[in-house]
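Student: I have a chain open and want to go through its sheets, domains and helix packing. Can we start with what is meant by strands pairing?

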Amino acid sequence: IQNLFIWNRLFLLVFCNSTESLIYFSLAVLQALEDGLKRADADPSVKAVTICGENGKFSAGADIRGFSSPNKQGLGLGPIVSLIERSEKPVVAAIEGIALGGGLEVTLGCHYRIAHVQARMGLPEVTIGLLPGAEGTQRLPRLIGVPAALDIITTGRHISASEALKLGLVDEVVEENTVEAAIRLANRLIGQPLGHRRLSLKPVPKLPNMEAFLTEALVKVKKRAQGCLAPELCFQAIKAATEQPFADGVRKERELFNILLTSGQAKALQYAFFAERAVEKWTTPSGASWKTASPQPIRKAAVIGLGTMGRGIVTSLVKAKIPVVALEQDLEYLNTGRKAVMLLLEREAMKMEQGGQTLDFNNPARLQFAVDFDVLRDVDLVIEAVFENMALKKEIFNKLSRICKPEAFLCTNTSALNIDEIASVTSRPQQVIGTHFFSPAHVMRLLEIIYGRHTSPTTIATAMQLAKVMKKVGVVVGNCFGFVGNRMMFPYVQQAVFLLEEGSRPEDVDQVLEDFGFKIGPFRMSDLAGLDVGWRSRKDQGLTGPTLAPGTSARQRHGYRYSPLPDLLCEKGRFGQKTGKGWYQYEKAGGRTAKPDPWIHSFLSEYRDTHQIKTRFIDQEEILERCLFTLINEGFDILAEGIASGPEHLDVVYINGYGWPKHRGGPMFYASTVGLPNILAKLQKYSEIHPDVPQLRPSAFLKKLVAMGNPPLNDWMSYLHRQSNKL
Ligand SMILES: CCCCCC/C=C/CC(=O)SCCNC(=O)CCNC(=O)[C@H](O)C(C)(C)COP(=O)(O)OP(=O)(O)OC[C@H]1O[C@@H](n2cnc3c(N)ncnc32)[C@H](O)[C@@H]1OP(=O)(O)O
């Protein structure tokens, strides 16, 4: 190392209590980087420079928390990257582990880049509502061309070392010690010209049809962004690189960065980043947490039921490399299920191959299909995913309790049923837990993990660990009807239907909520999921169907307002997409393109006539407020009951399972931005107009927070006198 100046120990932050270290920039690191560069430049004995991280990780970029601190950081890195680039001595980046955000931008200032074969790189700023603000939007297109730079910057995706090599982002990929390889290269470069390696001096590679390409790309970026500002501003910065000299492009980048930095969206997305990590550190009201419980190893799992949910769950387990037995009630169902699972796995294998990975699922030791419960004797964990029917689930759990080894965990995939009741038929209620997957289960990231009265901390820890291995976001919640997600969804959907009774059309309501940022509005969602699902549940609850007491008022249940509209549609066989008709009409049964249906419009007006409801115009504000504020109101009740241990839990559930726009941070974060006094005032107003709708009555916890002066979201839980779990 005689003639080389090596920077390590610069980017270091020890996290967790492990020996690993994750490295992100602080002001001190930036200062050290600048000082080191200047010293290297001034010292004639230094002939070349290698920049590396410590402990096998290059850098995770800027400290995200710093972006919301009053002393905003982030703009200081660009000049340092330029300083690196201007160096007369060759500078080589040795990329190990990760080089993300500002970390990757540092490497773009270097004259050469070497990456370890397992390194991952990316510019994920867009995912936290920003753009690469250290000249990255100007250098990357010059290095790898506009299409690839646009893809990497507007999606924020991580790329592997081999992809980076193909794109020309790195010069070499090594399997051995990256720093040593970088030093060897730096040695070879001493005295060689560097001008052609300075990206700021290079032109952006031309495309024959740049203008047309950019026009088309912008349409795609906007469509994918669904109201999120950062991808479009990333695009604008890259476009500037194609139109302006480097220095002007940098000025434009800075201007756009500042717009994003001060936008509410960046705050929301950064909140969501930390919220997701906060829910990993679960706790229960009785004090159980990772500190008090260790997950048990799952060497073999089983899934019972190969319907839509079961198929996705099997696929997720196979992808997580957990050997799995898939069980069905008879050979006919088993064969149908097997075909469907194999198809899903083939598609997943193809996707993985594109990323250079393989998926082994044709091995019976990895995936086995059976109809006999006896094969479950040696499994460590079972996930039951049969029909949502309490009697059936209890029958299965009773059988499992007798057949499975005593230490096996028993999970039920349910969206609303009582975990305690299911556990009550087993001899091991401490090992029974709810695992609510979301459809399609091999795609959706959310896993609601529901502990019952007797569920042990070890069982919770094991389910959380399983979520992690399956690359899902596990959120631990308490047991109540609908848990967190569906419980908050009920009043939202209920309001949407009430709005139809009063004068809206399904497409009006959906449009308002889609403009807000939801992927699909409540009626499109209901058509997709199938209206019959809710109908069955309402029949089971005695709200409709043959068990309904004769003489029950059509629009009231238990003294409160009820809308029979969804039941009436089901009675007419309108189950949504599957029957080609629901709240919308479709091109055919199973069709996906929703078209407003004149039949529904006249059906609604006849309904209003029958029930003497005067049709009125309902504006967008009322649609939004009634749907969202009742959902949020339920969230406050959930927090007050101790069903979830913080507002982040509710937000993570909604972002990952219900299509809530991430750039609005989740319902509870959104509530904090609207202001709790505003939400309270609106709920009070609507509740006075609709006194027969209890969901509009403001939650006591919301009222309390307003009375306490509308404290910030982080402090909400400290205002709560903990109550025990509702059930
Ligand atoms: C002085 C100013 C310089 C300005 C430079 C110019 C501007 C540059 C823009 C940026 O660089 S923005 C940041 C871009 N980087 C990212 O977005 C990376 C975010 N992190 C990740 O994607 C992941 O954490 C990871 C790096 C891939 C590691 O994943 P892993 O699953 O291994 O660990 P996690 O549980 O996610 O994280 C562990 C721990 O570390 C915290 N953390 C991670 N990255 C950052 C970060 N960039 N800033 C602050 N904190 C970070 C994370 O919150 C976890 O903390 P916990 O307390 O243990 O939960």
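Tutor: Two strands pair if DSSP finds at least two bridges between them. Keep in mind that this is a predicted model.

Student: How many bridges join β9 to β12, and do they run parallel or antiparallel?
Tutor: Strand β9 (residues 301-304) and strand β12 (residues 381-384) run parallel and are joined by 4 bridges. As for individual residues, Ile304 has Glu384 in β12 as its bridge partner.

Student: What is the strand order in the sheet of 8 strands?
Tutor: The order is β11-β10-β9-β12-β13-β14-β15-β16, in an open sheet with mixed pairing. At its edges are β11 (367-370) and β16 (473-477), each of which pairs on one side only.

Student: And what is the average turn between neighbouring strands there?
Tutor: Neighbouring strands of this sheet are turned by 25 degrees against each other on average, with direction ignored.

Student: Switching to the sheet of 3 strands: what is the order?
Tutor: That open sheet runs β4-β6-β7, again listed with mixed pairing. Strands β4 (98-100) and β7 (159-160) each have a single partner strand, so one side of each is left without a neighbour in the sheet.

Student: Which helix packs on it?
Tutor: Helix α3 (residues 102-109) does, touching β4 and β6. The direction of α3 makes about 90 degrees with that of β4.

Student: Back to the strands. How do β6 and β7 run, parallel or antiparallel?
Tutor: Strand β6 (residues 120-122) and β7 run antiparallel, with 2 bridges between them. Met121 stands opposite Ile159 in β7.

Student: Which domains does the assignment give?
Tutor: The domain assignment gives domain 1 (4-262), domain 2 (301-477), domain 3 (504-546 + 555-611) and domain 4 (620-721). The C-alpha centres of domain 2 and domain 3 lie 31 Å apart.

Student: Now the helices. At what angle do α23 and α25 pack?
Tutor: Helix α23 (residues 620-640) and helix α25 (residues 667-674) pack at about 110 degrees, with their axes 10 Å apart. Angles of 65 to 115 degrees count as roughly perpendicular, and α23 and α25 are therefore roughly perpendicular to each other. Their crossing is left-handed.

Student: Which residues make the contact?
Tutor: On α23 they are Leu624, Leu628, Phe629, Leu631, Ile632, Gly635, Phe636 and Leu639. On α25 they are Pro667, Met668, Tyr670, Ala671 and Val674.

Student: How many of those are nonpolar, polar or charged?
Tutor: The contact of α23 with α25 has 12 nonpolar residues, 1 polar and no charged.

Terms used
Residues are numbered from 1 along each chain as its sequence is written. This is a predicted model: local features need pLDDT of at least 70, side-chain atom pairs count only at pLDDT 80 or more; totals for chains, interfaces and linings use all residues. Side-chain values use heavy atoms; hydrogens and water are left out. Axes are lines fitted to C-alpha atoms, for helices over the stretch in contact, and angles run from 0 to 180 degrees between N-to-C directions. Angles under 35 degrees count as roughly parallel, over 145 as roughly antiparallel, 65 to 115 as roughly perpendicular and the rest as oblique. A crossing is left-handed if the near helix is turned anticlockwise from the far one by less than a right angle, and right-handed if clockwise. Contact means heavy atoms within 4.5 Å. Ala, Val, Leu, Ile, Met, Phe, Trp, Tyr, Cys and Pro count as nonpolar, Asp, Glu, Lys and Arg as charged, and the others, Gly among them, as polar. Domain bounds come from an automatic or database domain assignment.
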